[in-house]
Every structure is written in structure tokens, then in C-alpha cells.
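User: I've got a model open here and I'd like to talk it through with you. Can we go over it one question at a time?

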Amino acid sequence: MPLTPLDIHNKEFNKGFRGYDEDEVNEFLDQVIKDYEQLIREKKELETKVHELTEKIGHFTNIEDALNKSILIAQEAGEEVKRNAQKEAKLIIKEAEKNADRIINESLSKSRKIAIDIEELKKQSKVFRTRFKMLIEAQLEMLDNDDWDHLMEYEVSAFDPKLED
């Protein structure tokens, strides 16, 4: 068991012949008691400080652990967001490619139909031109016919009774 200042104060020494000077021993013991009490106080203060600092270290260690966990969670969340963004980008690209293929196929189909329609219109135009030419030629033949000259020979009076008088 450690020695206390009270133990030092209450210590009694046996007196012997030609022993130490009692006042000098008492003065020395008083100084030892004072120094010992001061050391005990300092020790308690240091123990209190050590306890407070240990608690602070524990607190900061908890904060550090929480921050490390938060960083890990943030990194994992960032990776997850990155993976999701890459998946979404791939889906968007795939959809865009599908749409592009569909648009190209529709355009090719329409252009083929237009080409067929153009060819059909060319044929119809050729037929119309031929028929129109034949009609005009027939009309010209009728104009060149001698029947027109024969009509010019008729007298108008033959058809109008008023003119015969």
C-alpha cells in the first residue's frame, strides 16, 4: 500500500541516545509531506488530463471511423451512380441505334416507293403523250380532209327560208 502524507505526518521514531535533532527531522518531514502532497495533486491532475485526453482521442477516433465509413459509403455510392450512368448511356445508345435503323429503313422504303411511283408516272406520261399526239394527229387529219371544202360549197340560203325570197 502506498505511503500517504498522513502516514508521514504520524510517523513516530524511537528516541535514542545521541539521536537526530528532532526539530530538524520534523522540518524535513514537513517539507517531504508538502512535496509529497504536491506530487499527489499533480498526479491526480495528470490522471484527469490523461482521462480527458483519452476521452477526446476516443471521440476523435469515433469521428475518424465515422468519416472513413462515410467516405467508403460515398465512394460506393459514386461507383453505383457511375455504373448506373454507364448502363443508362448504353441503353440510350442502343435505343438511338434502333431508332436510327428504323428511320433508315423507313427512308429506304419510302425512297423505293417514290422511285416506283416516278417510274409509273413516267409510263403514264408516255402513254398520255402518245394518246394526245394521236388525238391531235386525228384532228389534223380531219382538218385536212376534203369534207371541209365540200361544206364551204353549200349556200346559206338553202338552209334559211327568209333568204330565198
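User: Let's start with the pocket: what volume does the largest pocket have?

Analyst: Keep in mind that this is a predicted model. On that basis, the largest pocket comes out at a volume of about 420 Å³.

User: Which residues lie closest to the centre of the largest pocket?

Analyst: The lining of the largest pocket takes in 16 residues. Those closest to the centre are F13, K15, E22, V25 and N26.

User: And which elements give two or more residues to the lining of the largest pocket? Which one gives the largest share?

Analyst: Two or more residues come from each of α1 (5–10) and α2 (22–144). The largest share is six residues, and the element supplying them is α2.

User: How do the residues of that lining divide into nonpolar, polar and charged?

Analyst: Sorting the lining of the largest pocket by residue type gives a mixed picture. The split is six nonpolar, five polar and five charged.

User: Stepping back, how many helices and strands are there in the chain?

Analyst: Reading from the N terminus, the elements go α-α-α. That fits the tally for the chain: three helices and zero strands.

User: What percentage of the chain's residues are buried?

Analyst: Buried means under 20% relative accessible area. The chain has 165 residues, and the buried share of them is 2%.

User: Okay, and where is L29, and is it buried or exposed?

Analyst: L29 sits in helix α2. Its relative accessibility is 16%, and the cut-off for buried is under 20%, so L29 counts as buried.

User: How far is L29 from I8, C-alpha to C-alpha?

Analyst: Along the chain, L29 and I8 are 21 residues apart. In space, their C-alpha atoms are separated by 7.0 Å.

User: What about the surface: how much area does the chain expose, and what share of it do carbon and sulfur atoms supply?

Analyst: The exposed area of the chain is about 16300 Å². Of that, the share supplied by carbon and sulfur atoms is 59%.

User: Which residues form the nonpolar patch on the surface, and what accessible area do they have together?

Analyst: The patch is made of F128, F132, L135, I136, L140 and L143. Together their accessible area is about 610 Å².

User: Let's pick F132 from that patch. Why does F132 count as partly exposed?

Analyst: F132 lies in helix α2. Partly exposed covers the range between the 20% and 50% cut-offs. F132 falls in that range because its relative accessibility is 44%.

User: On to charges: how many salt bridges are there?

Analyst: The rule asks for a side-chain nitrogen of Lys or Arg within 4 Å of a carboxyl oxygen of Asp or Glu. Counting that way, the number of salt bridges is five.

User: Which residue does R83 form a salt bridge with, and are the two buried or exposed?

Analyst: R83 has a relative accessible area of 40%, and its partner E80 has 37%. Both lie in helix α2, three residues apart, about one turn of the helix. Their closest N and O atoms are 2.6 Å apart. So R83 is partly exposed, and the partner, also partly exposed, is E80.

User: What separates E106 and R102 along helix α2?

Analyst: The side chains of E106 and R102 meet in a salt bridge at 3.2 Å, N to O. E106 is partly exposed at 37%, and R102 is partly exposed at 41%. Because they are four residues apart in helix α2, the separation is about one helical turn.

User: Last one: in the salt bridge of D117 and K113, which residue is exposed?

Analyst: D117 and K113 are four residues apart in helix α2, about one helical turn, and their N to O distance is 3.2 Å. D117 has 36% relative accessible area and is partly exposed. At 52%, over the 50% cut-off, the exposed residue is K113.

Methods: Residues are numbered from 1 along each chain as its sequence is written. This is a predicted model: local features need pLDDT of at least 70, side-chain atom pairs count only at pLDDT 80 or more; totals for chains, interfaces and linings use all residues. Side-chain values use heavy atoms; hydrogens and water are left out. On a 1 Å grid over the protein atoms alone, a cavity is a set of points where a 1.4 Å probe fits but cannot get out, and a pocket is an open set with protein on both sides within 12 Å along at least five of seven lines; lining residues have an atom within 4 Å of a point. Grid points are joined across faces, edges and corners, and a volume is the space filled by probe spheres set on the points. Ala, Val, Leu, Ile, Met, Phe, Trp, Tyr, Cys and Pro count as nonpolar, Asp, Glu, Lys and Arg as charged, and the others, Gly among them, as polar. Buried means under 20% relative accessible area, exposed over 50%, partly exposed in between (1.4 Å probe, protein chains only). Accessible areas come from the Shrake-Rupley method with a 1.4 Å probe; for residues, only the protein chains shown count as cover. Patches are made of residues with over 30% relative accessible area and no salt bridge: like charges are joined within 9 Å, nonpolar side chains (Val, Leu, Ile, Met, Phe, Trp, Tyr) within 5 Å.
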